[in-house]
Amino acid sequence: MRLLVGQLDYLNTRPFEPLPGVRRVRGTASEIGRLAAAGEIDAGLLSVADLLRNTSRYSPLAEAGGPFGIACRRKAGSVFLLSRQPPELLRGRIVEITRETSTSVLLLRLWLEHCVGVRGVRFRRGVTRRHDAALLIADQALVEREDPDPDYPWRLDLATCWREWTGLPFVFAVWSARRSLTAAVRSRLAATLATSLDEGLRRIPDLAREHAGPMGNPGAIRAYLSDFTYRFGEPERRGLARFGQLVAEETLDRLEDLTP
């Protein structure tokens, strides 16, 4: 039986396609996270928060060149805090959170509390743009980048905020597989990822042309995709470890007490 693999359905994951020999289910970060929590997928591109929640069941896939995933050494270009006022004035205010996020909301809260010194922010699921700030991710954030909302003059790239705070890259998602899979199966899947990624990186100019439109022109999309690190080196591993340490110190439950 072929493996069932969860794939994030975002532009920045396209370099990992195609993935021959597996069955795929596509979804947002939160949707793939729910499948992992229920044990319904064999492997997937898991948001870091979901990997941390399910570390007893899943572990990163890797080959000689290191683990695979989505990371940024400078900026994400598609993970934005939009705000009507400077972030240091958000104490007690409502920040709307896209329902798709699993990891970026934790990054935002950690950054606000540890770096900016702002606590007491109220987070609410669902972006209506009726409140003081909003968190947008992925393709929705790319559209915002191309057509900025003038009601939110502050737009902060959270990967850049993390870099300025810690000096490290930020890892958003990691290809992971069930710990119960045999070493041979995991190795084959890692080899498939490596082959697909090599081809996908060569296809970035084609991907940029195919997806040009509301998310940007071909040049902007090509630059966007080229800003990501898809094979992790030592800097990404240290960034991932640092985020995991911060989350463990705060606990996931406390960080995610969001208003429905």
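## A tour of the pocket, the cavity and some backbone oddities

Start by selecting Ser30, Arg34, Asp50, Arg53 and Ser102: of the twelve residues that line the largest pocket, these lie nearest its centre. Bear in mind as you go that you are looking at a predicted model.

**Stop 1: the largest pocket.** With those five residues shown, add a surface if you like. The space in this pocket comes to about 170 Å³. Now colour two helices, α1 (29–37) and α2 (48–53), since each of them supplies at least two residues of the pocket lining. Which helix gives the most to this lining? It is α1, with four residues. Next, colour the lining by residue class: you should find six charged residues, five polar ones and one nonpolar.

**Stop 2: the largest cavity.** Leave the pocket and look for enclosed space. How many cavities of 30 Å³ or more are there? The count comes to one. The largest cavity holds about 220 Å³ of space. Its lining has 19 residues, and the ones to select are Tyr10, Asn12, Ser104, Ile137 and Phe172, which are the closest to the cavity centre. Colour this lining by class too: eleven of its residues are nonpolar and eight are polar, with no charged residues. Keep that beside the pocket lining, where six residues are charged.

**Stop 3: a cis proline.** Move to the loop between β1 (4–8) and β2 (23–27), and pick out Pro18 there. Show the backbone from Glu17 to Pro18: this peptide bond is cis, and its omega is near 0°.

**Stop 4: positive phi in a loop.** Select Arg129, in the loop that joins the neighbouring stops on your strand list, β9 (122–125) and β10 (133–137). Arg129 is not a glycine, yet its phi is positive, near 65°. Is this residue buried, partly exposed or exposed? Arg129 counts as partly exposed, because its relative accessibility is 27%, which falls between the 20% and 50% cut-offs.

**Stop 5: positive phi in a helix.** Finish at Ala138, which belongs to helix α4 (residues 138–146). Here again a residue other than glycine has a positive phi, this time near 60°. How does Ala138 sit, buried or exposed? Ala138 is buried, because its relative accessible area is 6%, and buried means under 20%.

How values were computed. Residues numbered from 1 in each chain as written. Predicted model: local features only at pLDDT ≥ 70, side-chain atom pairs only at ≥ 80, totals over all residues. Heavy atoms only, no water. 1 Å grid on protein atoms, 1.4 Å probe; cavity = no way out; pocket = protein on both sides within 12 Å on 5 of 7 lines; lining within 4 Å. Points joined across faces, edges and corners; volume = space filled by probe spheres on them. Nonpolar A, V, L, I, M, F, W, Y, C, P; charged D, E, K, R; others polar. Buried < 20%, exposed > 50% of the residue type's maximum accessible area, 1.4 Å probe, protein only.
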